[in-house]
Structure formats: structure tokens, C-alpha cells
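User: I am new to this model and would like a close look at a single part of it. Please take me through that part step by step, and then show me what lies around it.

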Amino acid sequence: MSNNQDFFKRVHAVAKQIPVGRVTSYGAIAKYLGAAKSARIVGYAMNASHGDLSIPAHRVVNRLGLLSGKHHFDGTNLMQQLLESEGVVVKDNKVQNFEDIFWNPTQEL
DNA sequence: CCCGTGACTTCCG
DNA sequence: ACGGAAGCCACGG
């Protein structure tokens, strides 16, 4: 049993469950998975999920609602474009009403 | 096996 | 309130 590999799959599974128009943070996912200290690994997992189009990595931001991962997308503002296309208001790489549209897996799931 | 890096978070000064 | 440093886990070289 490779929990390490499962962690990635779990992160991907949670990311897929993020409702449209909602966003979450790496720490929230990590905490939900029982590894609150592995928030960084969540980001790493998202990097691996970059190849899976069914995983909305653009809905995952840091705890401040900043598009910390936008730099990893194809374009420079692709992440923001995707979010805005889903109804999420983004301004200056920051998600507006972040706490309002925040999707907490531990609470919602 | 050791070191460096990273889409984070929290604590200390 | 702000900035810097450390902690954290996994992966690649």
C-alpha cells in the first residue's frame, strides 16, 4: 500500500468534486485528507494532475485566494480566464468573495 | 543516500 | 502590520 500514491489520487478526486463556481485551498484539501501539514504536497499533486483535463486545478488556490498556480498554466492569465468563465470573479490574481465561494471539503463533503 | 526545489502554511521578530 | 525564516512531505538528480 503506497499511501503516497493514494495521496495524489485523493487530491485529484477531491479536486474533481469541487463544484463549478467554487474554489478551495491546498490546505483545506490537505486537512481533509488528514495531512494538514502536507499542503505543499497538494500543490505538487496538482502539478501531476496538470495532465488530467478532468481535474479543475484552476479552482484550487492558496489560503488567501491568490492564484499562486497561475504561473504553471499554459498562458499567464489562463487560470483567471477559466475561473471567470465559471462565474468566479478574479481581480489582480486574487479571487473576489473568496470566503463566500470557498468550498470546504471537510465541511461540505 | 544526500541535496535542492516546490501550485503552502504558520510562527517569530 | 509586515517581512523573513522554518516546517512540512514528496520527488528528481
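How do the residues of the surface near DNA strand C divide into nonpolar, polar and charged?

Analyst: This is a predicted model, and in it the residues of the surface near DNA strand C divide into 2 nonpolar, 2 polar and 2 charged. The residues around the strand are Asn4, Lys37, Ser38, Arg40, Ile41 and Tyr44, and of the atoms of DNA strand C that come within 4 Å of the protein, sugar and phosphate account for 67%. Helix 3 supplies the largest share of this surface, with 3 residues.

Two of these side chains can be followed to particular atoms of the strand. Arg40 places a polar side-chain atom 2.7 Å from a base oxygen of DNA strand C, while a polar side-chain atom of Tyr44 lies 3.3 Å from a sugar or linking oxygen of that strand.

Tyr44 also leads from the DNA into the protein. The model holds 2 aromatic pairs, and one of them joins Phe8 and Tyr44 edge-to-face, with 6.4 Å from centre to centre and 70 degrees between the planes. This pair links distant parts of the chain, since Phe8 belongs to helix 1 (residues 3–16) and Tyr44 to helix 3, 36 residues apart. Because its relative accessibility is 56%, over the 50% cut-off, Tyr44 counts as exposed, whereas Phe8, at 23%, counts as partly exposed.

After helix 3 (39–49) comes a loop that leads to strand 2 (60–61), and Arg59 lies in this loop. Is Arg59 buried or exposed? With a relative accessible area of 9%, Arg59 is buried. A polar atom of its side chain lies 2.8 Å from the backbone oxygen of Ile18, and, leaving aside neighbours within four places in sequence, the residues in contact with Arg59 include Pro19, Val20, Leu83 and Glu86.

Leu83 in turn brings us to helix 4 (residues 78–85), where Met79, Gln80 and Leu83 are buried. Seen down the helix axis, the buried residues fall within an arc of 95 degrees, so they line one face of helix 4. An α-helix has 3.6 residues a turn, so residues three or four places apart point the same way. The buried residues of helix 4 pack against strand 2 and strand 3 (90–91), and the helix is followed by Gly87, whose phi is positive, near 100 degrees.

Terms used. Residues are numbered from 1 along each chain as its sequence is written. Chains are lettered from A and ligands numbered from 1 in the order in which they are written. This is a predicted model: local features need pLDDT of at least 70, side-chain atom pairs count only at pLDDT 80 or more; totals for chains, interfaces and linings use all residues. Side-chain values use heavy atoms; hydrogens and water are left out. Helices (H or I, at least four residues) and strands (E, at least two) are DSSP runs, numbered from the N terminus. Buried means under 20% relative accessible area, exposed over 50%, partly exposed in between (1.4 Å probe, protein chains only). A polar contact is a pair of N or O atoms within 3.5 Å; within protein, one must be able to donate a hydrogen and the other to accept it, and residues adjacent in sequence count only if both atoms are side-chain atoms. Contact means heavy atoms within 4.5 Å. A residue is near a molecule or strand if one of its heavy atoms lies within 4 Å of it. Ala, Val, Leu, Ile, Met, Phe, Trp, Tyr, Cys and Pro count as nonpolar, Asp, Glu, Lys and Arg as charged, and the others, Gly among them, as polar. The arc is that of the directions from the helix axis to the C-beta atoms. Rings of Phe, Tyr and Trp (its six-membered ring) pair if their centres lie within 6.5 Å; planes under 30 degrees apart count as stacked, over 60 as edge-to-face and the rest as tilted.
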